[in-house]
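Thanks for making time this morning. I would like to walk you through one helix and a few strands, and I will give the criteria as we go.

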Amino acid sequence: MPHLAVSFALSLVLISAPTWAEEDELEEFEVGVLALRGHAHARDTWQPTIDFLEQQLPEYKFNLHTYNFEQLEDAFLHGWLDFFLTSPGQATTLARSYPVSWLATQRTAYSDIPNKSIASVVLVKQDSKYQTFSDLSGVRLAAVSDKAFGGYLAFRYELDKLDHFNNQYFRNIEFTGPPTDRLILDLLDDRYDSVIVPACTLEAMVEAGEVDIISVRVINAQNPANSVCTVSTDLYPNWTFAMTDRAPTYIGGLVAQALLAMPKDHLAAKAANNVGWMHPAPSVQLDKAFKQLNMHPLQTPFGEKLNKWLTQNRVPVGFGLLMVFFMAIYHVILELKFKRSQTELRETLNDLRRKSALLEQAQRTSIAGELGSSIAHEINQPLAAIKNYSQGMKIRMQKGTTPEEMVPIIDKIQHQVTSASSIIQRLRDLINKKPIEKREIDLDLVVSECIELLDFEFQRHGVEVIISSFGMNQAINADETGIQQLLLNLLVNAKDACVSRASDGDSLTIEVHVEYQISNVVIDVIDNGIGFDDEAIPLTQAFYTTKENGLGLGLAICRDVVESHHGNIEFNKATPNGCIVTVTLPYSGDKK
């Protein structure tokens, strides 16, 4: 029976194992390892594990190769590797896209969860002003690689869960490549404000005497599952030994059995800082993180989804694009028409303004014509006085009056000349076309000057003018010529309305009330003339007139003057007859 059992066992071995051409020729397998802390450190760490495999499987030879992230992925894609040992992030990415078999996961004593020891550690200098993750937005940040899960990716996932991540957060990040030890040294040399390293990198450098533990500080420091190393994020599965589809299936089983049989105190385990190996850890936690970051290899890229949707909806998409094209053309045409219309409207508006200015000047000239007799009377008075004073001087000179005695008479002549000159200047200001120029004016003085200009006409037609002022006199910011034209129009219209009913035998009166309120000044011009009967009469419409020789511009220009000062003008019937014109002007002359 013993001989039969031995024979059966030998038969199984012969069936399951390959036939070797020669007993001394070993079958070789290529093993790729991620050199996260540099190539020399990777060889010191993992060569003892390779030696252990060769001791357990003496008929096979395992060749160790060290790579950075990009090199390891490139070697895998070219089919140069039979086995690889890398971080959980890269292992998960490759396993979800290619035929990869996970054989064993490191067992560690770093925490209460033996298959988890991967995490991100975010470091700043001890005296740094940065205290939280949110403080690090936009600072000079460094990590080994954007593919390192136990570094950049775990930290980014933590930011995403805390809703801190945005496009500007990592605007000043730099990916330096291995080794990770250099990041901490660069931090102490002030090359960076903060660095991201894998768990236990700091403790290993402290133990080696390369860094003083009090020189740096961990952001969001924590020890999940009683981990012996301080970290900044949750713990994730350890590194996993995996097999590619290039290696035969049987050798994967042998390697897995050998790794799982490694004693926890073996030299190979100590070199790799683990306590042996265990069955592969589940990758659910990593899959969830990659999906949250939209980086999972099984997720369809947005561009691919969009291309597929466009292919499936080719006809409606084409029709929609055609509609958008025609709408764009139509929009351009409308824009061109709008610009052309805008230009024409601007030119028309400018032309209207020029014509309006000419009409205003014509209306002022018309007023000057109506004031002709009054102005002549006003000028004749100083001229008559000048004539009398001159004759008196001549008589006195003949009597031998000294020059000193003549000085008072000369001063009186000079005063009359100034008075005549003032009358002529006011008339010239009224007739001349002048740009609107607002300044502080005394409204009571302007009212008095306007009434003086019309005084002869009022006396000639027997119209009594009553002026009253209420409240404290305040200067208003206004165009003096415009206000003067406004008042003259209203006074001339009031005088004409009174003269039209002179045959009734009643006294003719015009009252001018000026009331200074808190924010406005109100001017009422009240006459007891013929008034108006029809409420629909367009009193402010240009070219509408009831006068035989009128231009129909007076009241329309009054409205424009008031509106240019952001005021208001109203026309109401007076009792028992006549008209009340109320003008309200703000002191500032601007909108409130």
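I will begin with the model itself, then take the helix, and then the strands.

This is a predicted model, in which local features need pLDDT of at least 70 and side-chain atom pairs count only at pLDDT 80 or more, while totals for chains, interfaces and linings use all residues. Residues are numbered from 1 along each chain as its sequence is written, and side-chain values use heavy atoms, with hydrogens and water left out.

Helices (H or I, at least four residues) and strands (E, at least two) are DSSP runs, numbered from the N terminus. Helix α15 covers residues 443–460, and because 18 residues at 1.5 Å each should span 26 Å (1.5 Å times one less than the number of residues), its end C-alpha atoms, 26 Å apart, agree with that expectation. There is nevertheless a kink of about 55° in α15, centred on L454, where the bend is the angle between axes fitted to the seven residues ending there and the seven starting there. L454 is also among the buried residues of α15, which include V446 and F458; buried means under 20% relative accessible area, with a 1.4 Å probe and protein chains only. Just after α15, G462 takes a positive phi of about 70°.

Turning to the strands, 7 of the 9 residues of β17 (residues 508–516) are buried, so β17 is largely enclosed by the rest of the structure. β17 pairs with β15 (residues 463–470) in the parallel sense over 8 bridges, where pairing requires that DSSP finds at least two bridges, and with β18 (residues 520–527) in the antiparallel sense over 7 bridges. A hairpin of 3 residues joins β17 to β18.

How values were computed. Buried means under 20% relative accessible area, exposed over 50%, partly exposed in between (1.4 Å probe, protein chains only).
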